[in-house]
Amino acid sequence: MDISRKSQARGVKPSGAKKKILYIEDEHALSLVIGNKLRRHGFEVSLAIDGIEGMRKIESEQPDLVLLDLILPNKDGWEVLMEMRQKGLLKKIPVIVMSNLGQASDIVRSTKLGATDYIVKSDFSISEVVEKIQKYALSGRNS
Amino acid sequence: MSMPTRINPRTKALQNLFAAALHTVEDAVVAIDPRATIMSVNQQALDLLNSDVSVKRAIGADIRKLMSHAPSFASFITKKCLSRKRGISEHVFDIDGARGAGVVSVQGHISPDGCVLLFEDVTNAGETDKLKTEFVSMASHQLRTPLTAIRWYIEELYEGEIGALTQEQKEYLRQALESNIRMIKLVKNLLNISRLEDQRLTVNPEPTDMLRLIEDVVSEHRPLAKAKNCEIIFEKPGGRIPKIRLDPALMRQVVVNLVSNAVKYSTGINKPSEVHVRLEKRPVEIIVSVQDSGVGVPKGLQHRAFQKFFRADNVFKMQAEGTGLGLYIAKLIVETSGGRIWFDSEENKGSTFSFSLPLKGSRYRKGERTLA
């Protein structure tokens, strides 16, 4: 399959290792469909269902890119961003906020905290979302 | 009494008609002369103001005496409503009477002939606002998240990511996806309307180049219009249009709504059509108009065109996608921004929707919300 091999290559680092993406999302339906699509595109995908698990995996797995929902149980997305900033992790790992909060204030607050981009989930097709993810994962800060 | 003793029969007829008109409206209305004498009043107003006086006995009385149980209202009348200078003044006051305590808001429309007072019971307004706010955030999260999931799963199936599909299966999924995207738009529009209606929407004016803004919207809509055999032509003004202090995000929404409507309702996919967008500068305002040669709004329904959820019969028959909220949102935004909106339309010939914006720009308004 030509197409799959081509997309496979997109998720692979020059070293040959797969790029690792961590998706922090409490809605299982969303993380499943995005996770599966990213795996088909050759990425290694890790999931977390709240901010606490997310933070733990950011530190233990050192992903190449984090996808972050904002309204999360236990520790919300803004808290995750703040903690990442305090620990100097934002310098190494780009974060795309994926939320359905579409307010200008939510977007500004997230980018001020250091998020690389902001996606209002319901406004994007899954292909558009994955294109953005590819763009940031491949131009990532530690690639 | 300030009334003349002999009344012209025509004047008398007018007075009767005016009284009848006041009786039919829902609003609580009182008209007073520049000496605060009640010229006309409806029962709705007397009920709302906790007054036991009949309409007949109220007419001719000084409204301040009638409302002696609300002293702040009396001083509002004296200070604000008897000036004879055209304008609108507003006041909120407490009343306490036989039918219980309450909060009333009054709007005085002042003119050289007197003042028309519109009353509204706002006793429970705070609570309603709170319920509305809760609903808005509920809608935002509880509806948008599952709608996103449905969208992404259908897209994956439709794109053949999970396996090849027959043409008919694809067509079914395309229909499902269209409905899903329409519902996403509907939720978004409802959120925006709720913010606009609550007056909680921030209006953040900045020097805005309307020519550029319209150009952007037009070029974004061209590809889709072309697919429907429709050409969008932007007729630029001869002179220079200065930058105006407007909220660009809000203005964009208005232009998008009008242009996308014009394209959508232009006749048949096979017949070529044109949409003309114009921008003109007048002495104190600019006028933006969008003209189509589409299905038009039937005469009998034109008065409802800007109402929430209004969709004309002929549009229903076309099965054009729409939520019936675009024009309503456009009107809310234009009026919030200090402008006016109107249209001309003839069935099967087309419509021209226009709006004006003052050259002096919109006033800043601090709300808690922006468009979704």
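Begin by selecting A:Leu68 in this predicted model, and then look across to strand β4 of chain A, where the bridge partner of A:Leu68 is A:Val97. The two strands to display around this pair are β3(A) and β4(A), the latter made of residues 95-99, and they pair in the parallel sense over three bridges.

Widen the selection to the whole sheet of chain A, which is an open sheet of five strands in the order β2-β1-β3-β4-β5, with parallel pairing. At its edges stand β2 (44-48) and β5 (117-120) of chain A, each of which pairs on one side only. If you compare neighbouring strands of this sheet, they are turned by 20° against each other on average, with direction ignored. Now add helix α2(A), which lies across β1 (20-24) and β2 of chain A and runs at about 165° to β2(A).

The next stop is A:Asp69, which lies in the loop between β3 and α4 (77-86) of chain A. At A:Asp69 the UniProt record, an unreviewed entry, places the feature "modified residue: 4-aspartylphosphate". Is A:Asp69 buried or exposed? It counts as buried, because 27 C-beta neighbours lie inside 10 Å, and 20 or more are needed for that class. Leaving aside neighbours within four places in sequence, the residues to colour as contacts of A:Asp69 are A:Ile24, A:Glu25, A:Asp26, A:Gly77, A:Met98 and A:Ser99.

From there, move to A:Gln62, in the loop between α3 (51-61) and β3 (65-68) of chain A. Its phi is near 45°, a positive value in a residue other than glycine, and A:Gln62 counts as partly exposed, with 13 C-beta neighbours inside 10 Å. As background to this stop, most residues other than glycine have a negative phi.

Then show both chains together and select the residues where they meet: 16 residues of chain A are in contact with 17 residues of chain B. On the side of chain A that touches chain B, the elements giving two or more residues are α2 (28-40), α5 (104-112) and α6 (126-138) of chain A. The largest share of that side, four residues, comes from α2(A). Coloured by residue type, the side of chain A that touches chain B divides into six nonpolar, seven polar and three charged residues.

Crossing into chain B, select B:Ala36, which is in the loop between β1 (28-32) and β2 (38-41) of chain B. The phi of B:Ala36 is near 75°, again a positive value in a residue other than glycine, and B:Ala36 is partly exposed, with 19 other C-beta atoms within 10 Å.

Continue to B:Gln169, in helix α7 (residues 167-197) of chain B, where the residue is exposed, with 12 other C-beta atoms within 10 Å. A distance to draw here runs from the C-alpha atom of B:Gln169 to that of B:Leu157, twelve residues apart along the chain, and it comes to 9.6 Å.

The last stop is a sheet of chain B, in which five strands form an open sheet in the order β7-β9-β10-β12-β11, with mixed pairing. Its edges are β7 (230-235) and β11 (341-346) of chain B, each with a single partner strand, so one side of each is left without a neighbour in the sheet. Within the sheet, select β10 (residues 285-292) and β12 (residues 350-358) of chain B, which pair in the antiparallel sense over seven bridges, and find B:Val288, whose bridge partner in β12(B) is B:Phe355. Finally, add helix α9 (residues 248-264) of chain B, which packs on the sheet, touching β7, β9 (273-281), β10 and β12 of chain B, and whose direction makes about 20° with that of β10(B).

Methods:
Residues numbered from 1 in each chain as written. Chains lettered and ligands numbered in written order. Predicted model: local features only at pLDDT ≥ 70, side-chain atom pairs only at ≥ 80, totals over all residues. Contact = placed C-beta atoms within 7 Å. Nonpolar A, V, L, I, M, F, W, Y, C, P; charged D, E, K, R; others polar. Pairing = 2+ DSSP bridges. Axes fitted to C-alpha atoms, helices over the stretch in contact; angles between N-to-C directions. UniProt positions renumbered as here; feature names shortened; annotations may be inferred.
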